[in-house]
Structure formats: C-alpha cells, structure tokens
Amino acid sequence: MTSIPGTQVHPDPAAAAHVLATELADLIMLREAKSLPTVLGLATGGTPIPFYQELRRLHSEHGLSFKGVISFNLDEYIGLDRQHPQSYWRFMHEQLFDHIDIIPENIHIPDGTVDELVLRSHCAAYERTIKNAGGIDLQILGIGTTGHIGFNEPGTTRDSRTDIVDLTEETRMSNSRFFDSIDEVPTKAISMGCGTILDAKQIALMAWGEQKAPVVRRALQGPVTSDCPASFLQDHPNATFYLDEAAASQLD
Ligand code: GLP
C-alpha cells in the first residue's frame, strides 16, 4: 500500500519545530494520562536543533515532563568516544538530555566504542531493547542529501535492522562541516535499519533549506526505491514531512 506521507510546509524551521514539539508534548501528556510511557526515536544532525530547543523551552517554561519518555537514538559513529565533541551521545546530552528531566536509564544510544567482535550482538541487543519497550511511538528523522534516514545509505533494503553501516563519501563530506577535516569523519556507524524505523507507529521527518529540496522531492514524489531510502516512508501509514518553504520548493 502506498499512502503518500503528509506534508506540512512552514515559513521557517522554528515554526515547523514549534508545531512538531507541540504535537509531541500532546502525545506525551495523552500517554501519561493513561500511565503509559512514550517511546521516542531521536535523530541528530543540524536539522533537529530547533526542535530540541523547543522541547527544552516546553520543559522549562511550561513544565513538560519527560519522566515517562524512553528514547532510542537512530545512530552513532563507530570509533568516537562518548565525550568526543562530535559523538551523537554528546550531541544529545548537550542539545536535549542535560536540560530536561528524562531518566538517564531510559536513554538509549548505540555505543560506537564496543569491541568489533561484539558490535553485531550490540546491534541485535539494541533491536531487542526497542521491542521490549513496546516499539517506537514517534520516530523523529532528518534526511541526508543522499536520501539516507538514520545512516541508511542508498542500497539499504527496506527490511534492514540495526547494524554496522558504511558512510558514503557524500555523507562524510557533508558531515565534515562539524569536524576539523574530512579525515576525522568516521567511515562507519551503527544505525537502526530501515525496517526498524518503519516499525515506528508514527514518523516525523524534518528538512530545511534549498539544499534539501531535491532529496525531499525524490523521497516524497519519486519512486519507492533503495536508491533513496527515505522514499520507503511512502509505504508508512503515518509519516509526515515537516518542511520549510525552501525544502518544499521543488515539490509539485
Ligand atoms: C546525519 C544523521 C542523520 C541526519 C542526516 C542529515 O549524518 N545520521 O540522522 O538526518 O545526516 O543531517 P543534517 O540534519 O545535519 O542535514
């Protein structure tokens, strides 16, 4: 079944982030009222920064509590220590976790420092932990210019699971803006698979700026193909793209 993902076009990233953060706050409060946890899939990169900023504001100014939230991050670079300035562990703590009341034991981020010999079992355990938490209620995504979601680069199959992945040169080049040089960007990562992501009950993908416009068009209006893993979202019954006007500028 192909159900075209919903698309929201906002004047700027802050406006889109505000809407998505408010929707998440409603979900957390609704589930809390039923004594249910909210299981979140979280993303890194430049894109979700305004969204995390808004969640911090909802916590500090409106008392939104994250005590009932269980989080699973999409991915982590292999070989970066947690405290490395570009590790996704550090990113998440600096951008969000250090500023809210989430219970530390409820935070899950793949560990890119585990021994090579046990990496595969670490990935399998990550999948099991998501299942044992009841599955992801809301998965937050960005999108890479290659069409990647998480770090699932072109060629990844629709049913892939959390695993070790190779980063494309385009992705390493793009992410080198956060490092001193491209040589410092790891070549591998652990990433939830496309199948893991598509199992989420609800998916929200954010994209900003005209450099994302071509890939947003391919993801939403191109063929469903592993050449553009984000196009798999066309098969998800409850996926929405939150865009600014520039990222939506090539849509029909
Ligand atoms: C990163 C992350 C993705 C992210 C994407 C886009 O490397 N692994 O989860 O969505 O690439 O990044 P940005 O938001 O910085 O454009």
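User: Ala, Val, Leu, Ile, Met, Phe, Trp, Tyr, Cys and Pro count as nonpolar, Asp, Glu, Lys and Arg as charged, and the others, Gly among them, as polar. How many residues of the lining of the second largest pocket are charged?

Analyst: This is a predicted model, in which local features need pLDDT of at least 70 and side-chain atom pairs count only at pLDDT 80 or more, while totals for chains, interfaces and linings use all residues. Residues are numbered from 1 along each chain as its sequence is written, and side-chain values use heavy atoms, without hydrogens or water. In the lining of the second largest pocket, eight residues are nonpolar and four are polar. The charged residues there number five.

User: Which residues lie closest to the centre of the second largest pocket?

Analyst: A pocket is an open set of points on a 1 Å grid where a 1.4 Å probe fits, with protein on both sides within 12 Å along at least five of seven lines, and lining residues have an atom within 4 Å of a point. The second largest pocket holds about 220 Å³ of space (the volume filled by probe spheres set on the points). Both α3 and β5 (107-108) supply at least two residues of its lining; helices (H or I, at least four residues) and strands (E, at least two) are DSSP runs. Of the 17 lining residues, those closest to the centre are Arg82, Trp89, His93, Ile107 and Ile109.

User: Which helix supplies the largest share of the lining of the largest pocket?

Analyst: The largest pocket contains about 450 Å³ of space. Its lining has 25 residues, with Gly45, Ile143, Gly144, Asn175 and Lys212 nearest the centre. By class, the lining comprises eight nonpolar, 14 polar and three charged residues. The largest share, three residues, comes from residues 169-175, helix α5.

User: Is α2 parallel or oblique to α3?

Analyst: Helix α2 (residues 49-62) and helix α3 (residues 88-95) have axes that come within 10 Å and cross at roughly 40°. Ile49, Tyr52 and Arg56 of α2 make the contact (heavy atoms within 4.5 Å) with Phe91, Met92 and Gln95 of α3. These residues are four nonpolar, one polar and one charged. Angles under 35 degrees count as roughly parallel, over 145 as roughly antiparallel and 65 to 115 as roughly perpendicular, so the crossing makes the relation of α2 to α3 oblique.

User: Which are the edge strands of the sheet in the order β1-β10-β9-β6-β2-β3-β5?

Analyst: Seven strands form this open sheet, and their pairing (at least two DSSP bridges between two strands) is parallel. Inside the sheet, β2 (residues 38-42) pairs with β6 (residues 138-141) over two bridges, and Gly41 has Gln139 of β6 as its bridge partner. The strands that pair on one side only are the edge strands, β1 (6-10) and β5.

User: Which residue of β8 does Asp166 stand opposite?

Analyst: Three strands make an open antiparallel sheet in the order β4-β8-β7, with β4 (75-77) and β7 (163-166) at the edges. Its twist averages 30° from one strand to the next. Between β7 and β8 (residues 188-191) there are four bridges. Asp166 stands opposite Lys188.

User: At about what angle to β7 does α4 run?

Analyst: Helix α4 (residues 119-132) lies across β3 (69-73) and β5, at about 155° to β3, where angles run from 0 to 180 degrees between N-to-C directions. Helix α4 also lies across β7 and β8. Its angle to β7 is about 115°.
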